[in-house]
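This briefing is organised by topic and is intended to be read alongside the sequence and coordinates shown below.

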Number of protein chains: 2
Amino acid sequence: MSNLSIGQLAQRTGVAIDTVRYYERNGLLQPAGRLASGYRRYGDAELKRLRFIRRAKALGFSLEDVRALLTLSEERNVAKVKRAAQAKLADIEARIAELERVRGGLRTLIAACPGHGRAEACPILNALTDEETH
Amino acid sequence: MSNLSIGQLAQRTGVAIDTVRYYERNGLLQPAGRLASGYRRYGDAELKRLRFIRRAKALGFSLEDVRALLTLSEERNVAKVKRAAQAKLADIEARIAELERVRGGLRTLIAACPGHGRAEACPILNALTDEETH
DNA sequence: CTTGACTCTGGACCGTGATCCAGACTCTAG
DNA sequence: CTAGAGTCTGGATCACGGTCCAGAGTCAAG
């Protein structure tokens, strides 16, 4: 059973101390207790919980999402957790699709641009400057 | 030669009035002039410039990028414009790659999750909860 | 002339996720 | 005991791209 200071917790999870306190302010992570001095103390449960937060964020969940996931996790509600993951996947796929659309536009323009010569012949500038077609 | 109020300019470009003034504060778009009343007046050049801004943003350029692009456009520096577009493309490709990485993680977890049963059997919760392996 | 729509300015505020600060207090090694 | 590292609080600040507001002035139609 570990009994960690905020600095040790931060060090073990790779999360900044200020961020740990920020998560606390936002109701994501409470210390197990406090010393008489007011210093926060964290146990294994909080260590795991902070790792959970860090991993969920790495999977693209917002802090708001993480808050919901933590609740579902505590409720052990597997069905809702799966649905949340599916919703996040759909969200990520939409972002990818949008970026791919943009990528396609840029690629086309770059490929058509000689990179020298008159500005009027630059398809990139033309695309940004020309009249609407739609 | 059009001679537009800020409201007409906003309406023709699909940009909010407040946003037009925001762009002005940030040096992206100055009105052609002012009436005695102080009302802004815009001509064709500003209309085109605002469309340029809107399109560049649709291609993923930040306002900072747009500022640079507008300068390059005025300089008619085709080579630098092309390089800016290439840099932005690389940026977008990196974002896509990162999102694809996340998508892969989520897909794997979702596929392995039965969506019911014990929380301990849910790979999504396990992935968020388990000890590090690396 | 009146009325309603439009515009002006300066500044406050939003969401997201932190990050940093001052000034005070506490803990630990030596 | 002392020095240095760690921690506390509350609040300010950042980036980004706007959005909204009050209160005053202006414009255009009827």
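Leaving aside neighbours within four places in sequence, Glu24(B) is in contact with Leu29(B), Gln30(B), Pro31(B), Arg34(B), Arg40(B) and Tyr42(B). The model is a predicted one. A search of the whole structure finds 26 salt bridges over all chains and two aromatic pairs over all chains. Between the two chains, the buried area is about 4600 Å².

**Surroundings of Glu24(B)**

- Glu24(B) belongs to helix 2 of chain B, which covers residues 17-25.
- The relative accessible area of Glu24(B) is 14%, under the 20% limit, and the residue is therefore classed as buried.
- Two arginines, Arg34(B) and Arg40(B), are among the contacts of Glu24(B), as are Pro31(B) and Tyr42(B).

**Relation between the copies**

- A turn of 180 degrees, with a shift of 0.0 Å along the axis, lays chain A on chain B with an RMSD of 0.1 Å.
- The two copies are therefore related as by a two-fold rotation axis.
- In chain A, the C-alpha nearest this axis belongs to Ile96(A), at 2.9 Å from it.
- Because 100% of the interface residues of chain A are also interface residues in chain B, the copies meet through the same surface.

**Interface of chain A and chain B**

- The contact involves 51 residues of chain A and 52 residues of chain B.
- The size of an interface is often given as the accessible area lost when the parts come together.
- For chain A and chain B this buried area is about 4600 Å², and carbon and sulfur atoms give 69% of it.
- In chain A, the residues that lose the most area to chain B are Arg55(A), Val78(A) and Leu128(A), which together account for 15% of what that side buries.
- Four salt bridges are found across the interface of chain A and chain B.
- Arg76(A) forms a salt bridge with Glu120(B), with the closest N and O atoms 2.5 Å apart.
- Eight residue pairs are in polar contact between chain A and chain B, counting pairs with both residues at pLDDT 80 or more.
- On the side of chain A that touches chain B, at least two residues each are supplied by helix 3 (44-58), helix 4 (63-75), helix 5 (78-112) and helix 6 (123-129).
- Helix 5 of chain A provides the largest share of that side, with 21 residues.

**Salt bridges around helix 5**

- In chain A, Lys88(A) and Asp91(A) form a salt bridge in which the closest N and O atoms are 3.2 Å apart.
- Lys88(A) and Asp91(A) are three residues apart in helix 5 of chain A, and about one helical turn therefore separates them.
- Lys88(A) is buried at 10% relative accessibility, whereas Asp91(A) is partly exposed at 30%.
- In chain B, the side chains of Asp65(B) and Lys88(B) meet in a salt bridge with an N to O distance of 2.7 Å.
- Asp65(B) lies in helix 4 (residues 63-75) and Lys88(B) in helix 5 (residues 78-112) of chain B, so this pair ties together parts that are 23 residues apart in sequence.
- Asp65(B) is partly exposed, with 23% relative accessibility, while Lys88(B) is buried, with 10%.
- Arg95(B) and Asp91(B) meet through their side chains in a salt bridge, at 4.0 Å from N to O.
- Since Arg95(B) and Asp91(B) are four residues apart in helix 5 of chain B, they are separated by about one helical turn.
- Both ends of this bridge are partly exposed: Arg95(B) has a relative accessible area of 38%, and Asp91(B) has one of 30%.
- In chain A, salt bridges that share partners join Asp65(A), Lys88(A), Asp91(A) and Arg95(A) into one network.

**Aromatic pairs**

- Two aromatic pairs are found over all chains.
- The ring centres of Tyr22(A) and Tyr23(A) are 6.0 Å apart and the ring planes stand at 50 degrees, so this pair is tilted.
- Tyr22(A) is partly exposed, at 37% relative accessibility, whereas Tyr23(A) is buried, at 7%.
- The rings of Tyr22(B) and Tyr23(B) also form a tilted pair, with centres 6.1 Å apart and planes at 50 degrees.
- Tyr22(B) counts as partly exposed at 36% relative accessibility, and Tyr23(B) as buried at 8%.

Key
Residues are numbered from 1 along each chain as its sequence is written. Chains are lettered from A and ligands numbered from 1 in the order in which they are written. This is a predicted model: local features need pLDDT of at least 70, side-chain atom pairs count only at pLDDT 80 or more; totals for chains, interfaces and linings use all residues. Side-chain values use heavy atoms; hydrogens and water are left out. Copies are superposed by least squares on the C-alpha atoms of residues with pLDDT of at least 70 in both. Contact means heavy atoms within 4.5 Å. Buried means under 20% relative accessible area, exposed over 50%, partly exposed in between (1.4 Å probe, protein chains only). Rings of Phe, Tyr and Trp (its six-membered ring) pair if their centres lie within 6.5 Å; planes under 30 degrees apart count as stacked, over 60 as edge-to-face and the rest as tilted. Buried area is the accessible area (1.4 Å probe) that two parts lose on being put together, summed over both. A polar contact is a pair of N or O atoms within 3.5 Å; within protein, one must be able to donate a hydrogen and the other to accept it, and residues adjacent in sequence count only if both atoms are side-chain atoms.
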